[in-house]
Amino acid sequence: KTVIVVDKLTGEGDSFNRQAVDGINLAKDSFNISSEIKEANSDEDFSTILDDLKDNTNLVIGIGYKPEDSIIAAAQKHPNVEFITVDCVYNGELENV
């Protein structure tokens with residue numbers, strides 16, 4: 001299962017997030033993958049969302065710079081899950097990011 005984590009989709013100024021959601025929905029339909037979109041209502045929500053990963057999650061995609069720290073923390077806790085960060089700077093210390 002793929003989980004995509006985005007900042008709240010407000011409709012204004014969120015075209016980057018909206019494109020990511022549209023892309024995962026297209027992949028879901030085209031390749032019959034299981035996916036879930038998680039929206040953070042605040043910066044603190046990213047940690048909560050990523051702490052609650054289910055056992056069947058094998059890929060997490062964090063969109064934007066806001067979830068970066070939470071992605072790194074979750075990657076340390078879940079070494080068997082692959083993580084992708086989009087629009088972040090990461091030093092590459094963890095093999096699953």
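This talk walks through strand pairing, salt bridges, one cavity and one helix in a predicted model.

Let's start with E1. The strand covers residues 2–7. Five of its six residues are buried, so E1 is largely enclosed by the rest of the structure.

Who are its partners? E2 is one of them: the two strands run parallel and are joined by six bridges. E3 is another, again parallel, with four bridges to E1. Val 5 is a handy residue to look at here. On the E2 side, Val 5 stands opposite Lys 38. On the E3 side, its bridge partner is Gly 62.

Now go to the start of the strand. Thr 2 sits in E1. Is Thr 2 buried or exposed? Its relative accessible area is 9%, and the cut-off for buried is under 20%, so Thr 2 counts as buried. What does Thr 2 touch, beyond its neighbours within four places in sequence? The contacts are Ile 24, Ile 33, Ser 34, Ser 35, Glu 36, Asn 58, Leu 59 and Ile 61. Keep Glu 36 in mind.

Next, charges. Side chains of opposite charge can pair when their charged atoms come close. In this model the count is five salt bridges. I'll show three.

First on my list, Lys 1 with Glu 36. Their side chains form a salt bridge at 2.4 Å, N to O. Lys 1 lies in the segment before E1, and Glu 36 lies in strand E2, residues 35–40, so this pair ties together parts that are 35 residues apart in sequence.

Then Glu 36 with Lys 38. Here the closest N and O atoms are 3.1 Å apart. Put the two pairs together and you get a network: Lys 1, Glu 36 and Lys 38 are linked by salt bridges. How accessible are the E2 members? Glu 36 is partly exposed, at 25% relative accessible area. Lys 38 is partly exposed too, at 28%.

The other pair I picked is Lys 66 with Asp 43. The N to O distance in this salt bridge is 3.8 Å. Where do the two residues lie? Lys 66 is in the loop between strand E3 (59–63) and helix H3 (68–77). Asp 43 is in the loop between E2 and helix H2 (45–51). So the pair ties together parts that are 23 residues apart in sequence. Both ends are partly exposed: Lys 66 has 35% relative accessibility, and Asp 43 has 45%.

On to empty space. How many cavities of 30 Å³ or more are there? The count is one. The largest cavity holds about 40 Å³. Look at its lining. The salt-bridge network comes back here, with Lys 1, Glu 36 and Lys 38 on the list. The other lining residues are Val 3, Ile 49, Asp 52, Leu 53, Lys 54 and Thr 57. By class, that lining has five charged, three nonpolar and one polar residue. For anyone placing a probe or a water there, that is the list to have on screen.

Last stop, H3. Which residues of H3 are buried? They are Glu 68, Ser 70, Ile 71, Ile 72, Ala 74 and Ala 75. What do they pack against? The buried residues of H3 pack against H2, E3 and strand E4, residues 82–86. E3 is also the strand that pairs with E1.

That's the tour. Questions, please.

Note on methods
Residues are numbered from 1 along each chain as its sequence is written. This is a predicted model: local features need pLDDT of at least 70, side-chain atom pairs count only at pLDDT 80 or more; totals for chains, interfaces and linings use all residues. Side-chain values use heavy atoms; hydrogens and water are left out. Buried means under 20% relative accessible area, exposed over 50%, partly exposed in between (1.4 Å probe, protein chains only). Contact means heavy atoms within 4.5 Å. A salt bridge is a side-chain nitrogen of Lys or Arg within 4 Å of a carboxyl oxygen of Asp or Glu. On a 1 Å grid over the protein atoms alone, a cavity is a set of points where a 1.4 Å probe fits but cannot get out, and a pocket is an open set with protein on both sides within 12 Å along at least five of seven lines; lining residues have an atom within 4 Å of a point. Grid points are joined across faces, edges and corners, and a volume is the space filled by probe spheres set on the points. Ala, Val, Leu, Ile, Met, Phe, Trp, Tyr, Cys and Pro count as nonpolar, Asp, Glu, Lys and Arg as charged, and the others, Gly among them, as polar. Two strands pair if DSSP finds at least two bridges between them.
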